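User: Please take a close look at one part of this structure and explain it step by step. I would like to know how that part is put together and how it compares with what surrounds it.

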Amino acid sequence: MAWHEWPLILFTVLAQTAVGAFILLAAVVLSGKLCFGVSDRLHKAMFFVWVLMGLGFAASTLHLGSPLRAFNALNMVGSSWLSNEIFTGSLFFALGGGYWLLEVLDKGPEKVRKLLLLAAMVVGGGFMFSMTKLYLLDTVPTWNTVYTPIAFMSTMVISGLIFGHLLLTSSQHKMAGLDRALPFVGSLAVMLSLMALVSQMIGLSEIQTSVTTAAELIPNLAQLQIIRVGLLLAALAVWFIPNLMNSRPGVPVMALSFALILLSELIGRGVFYGLHMTVGI
């Protein structure tokens, strides 16, 4: 696995998780079903979304050798997907963080807050799109496939949903129907992700250069994927425990499920970077 790319592994996984969780929480807020007390607790818990984003961005600057070079990544906004990624990510951070700060401090008109919330949701989607386009390179055949957007979207949905559900649980929300529905939505996303994984593994042997095939890039690829899938399924099983017991989820159960999913996603992203190969090499 490409653990030497750990700054990018952390950045992509944490950013996708944060965006997915924020969109879920924003949708819940916009539904208007939160009472004042739950809304107050949820916005305080939303602080951890920005912690993830902050950690992700901090890690990404280490990939540049010198953190001061991060400003140079904005030199080609509009013509470079790297610049677009950094710009939209920073704008999402600013809009979403601005909304969160106004809500926590109870400042500003309600219409302005809602506008910031909606804008952050849209920009977050643009951030994910730019991140995906950055890796669809003609010179990297193992990345330039439909499996890259599927993998990135799966992380945003699966990891984002469980993290958002964890924050909702910690805020002691009252929407029992949401507690029951989210594990089923997550299981559907997991099923689609596993189908894509199997298809990708089968197709790796067909991607080759004059030197090697993609399937040979990571010697223990099968074992890593088995561990990844095992962690993912274990997390899903834990996520369903409250449904099976007909009870409301607790923070420890949700935290365990999120930890398992996050570890699974980090392994999967390490495999992704480990499959990097350039045409002609």
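Analyst: A residue counts as exposed when its relative accessible area is over 50%, as buried when that area is under 20%, and as partly exposed in between. The model is a predicted one. With that cut-off, a good place to start is Asn246, which sits in the loop between α8 and α9. Its relative accessibility is 71%, so Asn246 counts as exposed. The backbone of this residue deserves a look as well. Most residues other than glycine have a negative phi. Asn246 is not a glycine, yet its phi is positive, near 55 degrees.

Next come the two helices on either side of this loop. Helix α8 covers residues 221–244, and helix α9 covers residues 251–274. Their axes come within 8 Å of each other and cross at roughly 160 degrees. An angle over 145 degrees counts as roughly antiparallel, and therefore α8 is roughly antiparallel to α9. The crossing of these two helices is left-handed.

Which residues make the contact between α8 and α9? From α8 come Leu221, Leu224, Gln225, Ile227, Arg228, Leu231, Leu232, Ala234, Ala235, Val238, Trp239 and Pro242. They meet Val253, Met254, Leu256, Ser257, Leu260, Ile261, Leu263, Ser264, Ile267, Gly268 and Val271 of α9. Sorted by class, the contact has 18 nonpolar, 4 polar and 1 charged residues.

Ser264 shows this contact at the level of one residue. It belongs to α9. Its relative accessibility is 0%, and it therefore counts as buried. Apart from neighbours within four places in sequence, Ser264 is in contact with Arg228, Leu231 and Leu232. Those three residues are among the ones that α8 brings to the contact with α9.

Leu233 gives another view of α8. This residue also lies in that helix. Its relative accessibility is 42%, so Leu233 counts as partly exposed. Not counting residues up to four places away in sequence, Leu233 touches Val190 and Leu194. Val190 is one of the residues of helix α7. Leu233 and Val198 are 35 residues apart along the chain, and their C-alpha atoms are separated by 15 Å.

The mention of α7 leads to its contact with α6. Helix α6 runs over residues 147–170 and helix α7 over residues 176–203. The two pack at an angle of about 155 degrees, with their axes 10 Å apart. At that angle α6 is therefore roughly antiparallel to α7. The crossing of α6 and α7 is left-handed. On the α6 side the contact is made by Tyr147, Ile150, Ser154, Val157, Ile158, Leu161, His165 and Leu168. On the α7 side it is made by Leu178, Asp179, Leu182, Pro183, Val185, Gly186, Ala189, Val190, Ser193, Ala196, Ser199 and Gln200. The residues in this contact divide into 13 nonpolar, 6 polar and 1 charged.

Helix α6 can also be checked on its own. It has 24 residues, and at 1.5 Å a residue it should span 34 Å. The C-alpha atoms at its ends are 34 Å apart, which agrees. Of the 24 residues, 17 are buried, so α6 is largely enclosed by the rest of the structure. After α6 comes Gln172, whose phi is positive, near 60 degrees.

Another pair to set beside these is α4 and α5. Helix α4 spans residues 81–105, and helix α5 spans residues 110–134. Their axes come within 8 Å and cross at roughly 155 degrees. That angle makes α4 roughly antiparallel to α5. The crossing is left-handed. By class, the contact has 16 nonpolar, 8 polar and 5 charged residues.

The loop between α4 and α5 contains Asp106. Asp106 is not a glycine, but it has a positive phi of about 55 degrees. Its relative accessible area is 56%, so Asp106 is exposed.

To return to the starting point: the loop between α8 and α9 holds Asn246, an exposed residue at 71% relative accessibility. Ser264, in α9, is buried at 0%.

Terms used. Residues numbered from 1 in each chain as written. Predicted model: local features only at pLDDT ≥ 70, side-chain atom pairs only at ≥ 80, totals over all residues. Heavy atoms only, no water. Axes fitted to C-alpha atoms, helices over the stretch in contact; angles between N-to-C directions. Helix = DSSP H or I, 4+ residues; strand = E, 2+ residues; numbered from the N terminus. Parallel < 35°, antiparallel > 145°, perpendicular 65-115°, else oblique. Left-handed = near helix turned anticlockwise from the far one by under 90°. Contact = heavy atoms within 4.5 Å. Nonpolar A, V, L, I, M, F, W, Y, C, P; charged D, E, K, R; others polar. Expected span 1.5 Å × (residues − 1). Buried < 20%, exposed > 50% of the residue type's maximum accessible area, 1.4 Å probe, protein only.
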